[in-house]
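Me: I would like to learn how to read the aromatic pairs and the domain contact of a structure. Could you take me through them one at a time?

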Amino acid sequence: MPERPQLADQLVDYPTHGREVVFRGAVWDVCRETVDLPEAAGLTRDFVDHTGAVGIAAVDDDDRILLIQQYRHPVRQRDWEIPAGLLDVQGEDPLLAAQRELSEEADLQAGSWAVLADQLSSPGGLSEVLRIYLARDLAEDASDFVREGEEAGLVLRWTPLGEAFEAVREGRIGNATAQLAILHAHASRAGGWSGLRPADCAWPAYRHLHG
């Protein structure tokens, strides 16, 4: 019996034409493109053109994960999240962006970094690719960053991984990135934090879209 190929997403470059910005927003634009697939030509699709993002699962020596609560207007909720931010600084390395976000949102720095998970947030209508890092060996980092807008009201909460896992399982945490980070961190801790990818490993999905 022939061996099945490895289970993995496939990066492709199908002929694409007619790109236009149909809505230019304050943070993201909505673009329209027509793509020719082998099985169907001339498919026109609208999607949110996203810069990409990083998230940080910061876990302390007591195996507590740092969660932040902030207001998210589209869903009218103050949801629980992990520190995260856009890759909107031209040429900034994703790991450096994650380190910057951890400092800006949580006044922390980490001595140990690894890749916890890569995510396609909503690939049917959003080009966002997001990488979640695991940050450990934490220390205070007094940042002079001034939080504004929704971030001005951030609430920080250190939560045992087991408690966070139960909150996800019981439907009390709905943020998809936080869910993914908590589930991966919970499983990785059970495995002794072994087998994680290095923090500087390749990120093909991001490079495929942003070069």
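Reply: Let us start with two rings, keeping in mind that this is a predicted model. Trp 203 and Tyr 206 are both buried, and their rings form a stacked aromatic pair, with the centres 4.9 Å apart and an angle of 20° between the planes.

Me: Which quantities describe a pair of aromatic rings?

Reply: In general, such a pair is described by the distance of the centres and the angle of the planes. Here the count comes to two aromatic pairs. In the pair of Trp 113 and Tyr 133 the centres are 6.1 Å apart and the planes stand at 80°, which is over the 60 degrees required, so this pair is classed as edge-to-face.

Me: Which parts of the chain does the pair of Trp 113 and Tyr 133 tie together?

Reply: Trp 113 belongs to strand 8 (residues 108–120) and Tyr 133 to strand 9 (residues 129–140), so the pair links parts that are 20 residues apart in sequence. Trp 113 and Tyr 133 are both buried.

Me: Which charged residue lies over the face of Trp 80?

Reply: That residue is Arg 157, which lies over the ring face of Trp 80 at 5.9 Å from the ring centre.

Me: Now to the domains: what does the domain assignment give for the protein chain?

Reply: The assignment gives domain 1 (16–49) and domain 2 (53–201), and the centres of domain 1 and domain 2, taken over C-alpha atoms, are separated by 30 Å. Five residues from domain 1 and four residues from domain 2 take part in the contact.

Me: How much area is buried between domain 1 and domain 2, and which three residues of domain 1 supply more of its share than any other three?

Reply: About 340 Å² is buried between domain 1 and domain 2, with carbon and sulfur atoms giving 61% of that area. On the side of domain 1, Trp 28, Phe 47 and Val 48 supply 73% of the area that this domain buries against domain 2, more than any other three residues. As for charged contacts, the rule finds zero salt bridges across the interface of domain 1 and domain 2.

Me: Is Gly 91 buried or exposed?

Reply: Gly 91 has a relative accessible area of 75%, and exposed begins over 50%, so Gly 91 counts as exposed. Gly 91 sits in the loop between strand 7 (84–86) and helix 1 (94–106). To relate this loop residue to one named above, the C-alpha atoms of Gly 91 and Val 48 are separated by 21 Å, while the two residues are 43 residues apart along the chain.

Notes
Residues are numbered from 1 along each chain as its sequence is written. This is a predicted model: local features need pLDDT of at least 70, side-chain atom pairs count only at pLDDT 80 or more; totals for chains, interfaces and linings use all residues. Side-chain values use heavy atoms; hydrogens and water are left out. Rings of Phe, Tyr and Trp (its six-membered ring) pair if their centres lie within 6.5 Å; planes under 30 degrees apart count as stacked, over 60 as edge-to-face and the rest as tilted. Helices (H or I, at least four residues) and strands (E, at least two) are DSSP runs, numbered from the N terminus. Buried means under 20% relative accessible area, exposed over 50%, partly exposed in between (1.4 Å probe, protein chains only). A charge sits over a ring if NZ of Lys or CZ of Arg is within 6 Å of the ring centre and within 35 degrees of the ring normal. Domain bounds come from an automatic or database domain assignment. Contact means heavy atoms within 4.5 Å. Buried area is the accessible area (1.4 Å probe) that two parts lose on being put together, summed over both. A salt bridge is a side-chain nitrogen of Lys or Arg within 4 Å of a carboxyl oxygen of Asp or Glu.
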